[in-house]
Amino acid sequence: MKHIHLIYTLLFGVAVLLFFGLAYPNHLHHQEQYQLFLFDCDYVWGIVKLPGGVADLLGRFCTQFFLYAWVGALIIAVLLMAVQLWTLRLFNVQRSTFNVQRSTFNVQWFYGLSFVPSFLLWLFLLDENALLGGVWAVLLTLHASWAFDKLPDGWLRRILLVVAVPVLYWIVGPVCVLFFLLQIFQRSTSNNVQRSTFNNAQRPTSNNVQRSTFNVQRIILLVLLLAMPFILSWLPVSARSLWTGIHYHRYPTETPVLLWAAVLSVFVLVLIVQRSTSNVQRSTFNVQRPLFFALVAVCMGFFVWKNSNFKAEKVMQYDFMACHQQWNRIIGTINADKPNNQIGVTVQNLALAMRGLLGDHMFEFNQNGTLGLLPDVERDATSPMPTAEAFYQLGLVNVAQRSVFEAQEAILDFQKSARCYKRLAQTNLINGNYDVARKYLMALQKTLFYRDWANETLPLLGDEEAINKHPEYGRMRQLVCKEDFFFGDRVTPEMLQKLFLSNTDNRLAYEYLMAYYLLTGDLDNFANYVGWGEKLGYEAIPRHFQEALALRWSIHHEPDERMPIQVSPAIAQRFTHFISFIQSPAMSDEGLKQNFGGTYWYYYFNSNQR
């Protein structure tokens, strides 16, 4: 029972590990792909030369491991457990500082509250734009506070304290205000308690001198703390970030409220411990400690689950799978849970097309018109990436390159992206821009997890024969459109026509063109291109193509004109039932979906009804 509190800490860590490993893994992948950690002196110096740079560097170093979700979850679990344990150590310091006997003051009575800062940091990390450097800043500040609390009073401690404030500000940033508050208020209260142990006759004459010295020190520390943002105003960062933190959150103008709530909670809890005593007997304490821990865990756990953004998690999952071209996994995922957001639908259609299933199954899933096929290119860091993947696979290499480059430049905290660097190296290699590709590859050589890929790719630069024989780059060179054409922000069927006609072996471009016609209801142009399927090696006309041919026949056919021979008897018979159903007085939306959902007819009918 002596070390039972460590078991509770371990249980907390396991909960954090399981949450981020099972429920929130793609938030970790999202963090990793929007930074580029380099083992390079210039890169490291560029980070640590700014206030909070050491905490930011540690955060970035850990974030690169988020490429593997369970490793990232373990790192977060260890950090949050460390914050809880150091908070508990600060509680223990108060007991020794006040020299209160164990029987009259038991800091372990507040054991459950030591988890509150860690839970608040957990809430902070639910935001995909919250950076791990903020957690490191809190942990380093707690460690520094504990270390100074162990030092005896004297001139050496006072000198070190004056030096520590600017140094700690440089290491962790404005979060060091916690260090200042803990040192000032703890010592102030400690001195008051110690003075109260003397009666008027026994009080030492040096008390007034000590009190004056302490007040002077307090003023010096406060002036130092407030002066740091003004002294460093020459740095190339906003004045606001010198007060709220440069690298705690990806949005430069965002104040990380939950991070500052965690900082404030440590200070408030320490004050509570300082001013509280407990006469709880040992026998009852062993019962009440787990109950108090359970109460805090349930309450804070409820807030964690309630504030989790599982919709964003699903979107990030599709984006991650598209990034790593996990087409079979995407198809398995959409079969279990049909996506209803733009990124999910874009990835869904790309995966179906990559596996040759788009013409047979696309209308079994949610569609968002042509925006679900190739969405408009937005000016942000996230939404262009799945669309850029579709452009790349189609052979629109230049468009993919532009989209990826603009997405990287839109990263809110002006970092670079390992994912973007890799794709930019590939597109420039395909286009023969070897010097540009080399620049990206040499940067990736300085990473931990992309080094091997960069080393394998560098020998290809300038080797035309090896590139043309490469299973991916050689194929992409064949798919690239050889003629110039204007590309706007909105994809048009003319662009897809140009892409397909420049290389009529590009089956993916053909399926996207046909899907575009189906989604827009352009059955005439669809019919003009449907004959190309035989030349592309289709064993049978895809089901949705047959449904569209039957629908077009019903709209344009002459009285004696027979249904196209490409339509199978089974689909022709089902189409007859469809026409009878929609003409029936008993027709209902629910019945139509139940009987004909997943067909092109159902999509076309609903689109025209709207």
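Trainee: In which hand does helix 16 cross helix 26?

Mentor: In this predicted model, helix 16 passes helix 26 in a right-handed crossing. The two elements are helix 16, residues 342-354, and helix 26, residues 507-520.

Trainee: At what angle do helix 16 and helix 26 pack, and how far apart are their axes?

Mentor: The angle is about 130 degrees, and the axes are 10 Å apart. Angles that are neither under 35 degrees, nor over 145, nor from 65 to 115 count as oblique. Helix 16 is therefore oblique to helix 26.

Trainee: Let us turn to aromatic rings. How many aromatic pairs does a search of the whole structure find?

Mentor: The search finds 38 aromatic pairs. One of them joins Phe20 and Tyr24, whose ring centres are 6.1 Å apart. Planes over 60 degrees apart count as edge-to-face. The planes of Phe20 and Tyr24 stand at 75 degrees, so this pair is edge-to-face.

Trainee: Are Phe20 and Tyr24 buried or exposed?

Mentor: Residues under 20% relative accessible area count as buried. Phe20 has a relative accessible area of 1% and is buried; Tyr24, at 0%, is buried as well.

Trainee: Which residues do ring pairs link into a cluster?

Mentor: The cluster consists of Phe12, Phe19, Phe20, Tyr24, Phe115, Phe119, Trp122, Trp305 and Phe310. The pair just discussed, Phe20 and Tyr24, thus belongs to the cluster.

Trainee: What kind of aromatic pair do Tyr68 and Phe449 form?

Mentor: Tyr68 and Phe449 form an edge-to-face pair, with 5.3 Å from centre to centre and 75 degrees between the planes. Tyr68 lies in the loop between helix 4 (53-63) and helix 5 (69-98), and Phe449 in the loop between helix 21 (434-444) and helix 22 (451-457), so the pair ties together parts that are 381 residues apart in sequence. Tyr68 is partly exposed, at 45% relative accessibility, and Phe449 is partly exposed at 28%.

Trainee: A charged side chain may also lie over a ring. Over the face of which residue does Arg89 lie?

Mentor: Arg89 lies over the face of Trp146, at 5.0 Å from the ring centre. Another case is Arg507, which lies over the face of Tyr538 at 3.9 Å from the ring centre.

Trainee: How should one read the two sides of a helix? Which residues of helix 31 are buried?

Mentor: In helix 31, residues 589-596, the buried residues are Gly591, Leu592 and Phe596. They cover an arc of only 100 degrees around the axis, which puts them on the same side of helix 31. The face turned away from that buried side carries the exposed residues Asp589, Glu590, Lys593 and Gln594. Just after helix 31, Gly598 takes a positive phi of about 90 degrees.

Trainee: What sign does phi have in most residues other than glycine?

Mentor: Most residues other than glycine have a negative phi. Gln325 has a positive value, near 55 degrees. Gln325 lies in the loop between helix 14 (310-323) and helix 15 (327-336) and is partly exposed, at 30% relative accessibility.

Trainee: What is the phi of Phe414, and in which loop is Phe414 found?

Mentor: Phi of Phe414 is near 65 degrees, a positive value in a residue other than glycine. Phe414 is found in the loop between helix 19 (397-409) and helix 20 (418-430). Residues over 50% relative accessible area count as exposed, and Phe414, at 67%, is exposed.

Key. Residues are numbered from 1 along each chain as its sequence is written. This is a predicted model: local features need pLDDT of at least 70, side-chain atom pairs count only at pLDDT 80 or more; totals for chains, interfaces and linings use all residues. Side-chain values use heavy atoms; hydrogens and water are left out. Buried means under 20% relative accessible area, exposed over 50%, partly exposed in between (1.4 Å probe, protein chains only). Helices (H or I, at least four residues) and strands (E, at least two) are DSSP runs, numbered from the N terminus. The arc is that of the directions from the helix axis to the C-beta atoms. Rings of Phe, Tyr and Trp (its six-membered ring) pair if their centres lie within 6.5 Å; planes under 30 degrees apart count as stacked, over 60 as edge-to-face and the rest as tilted. A charge sits over a ring if NZ of Lys or CZ of Arg is within 6 Å of the ring centre and within 35 degrees of the ring normal. Axes are lines fitted to C-alpha atoms, for helices over the stretch in contact, and angles run from 0 to 180 degrees between N-to-C directions. A crossing is left-handed if the near helix is turned anticlockwise from the far one by less than a right angle, and right-handed if clockwise.
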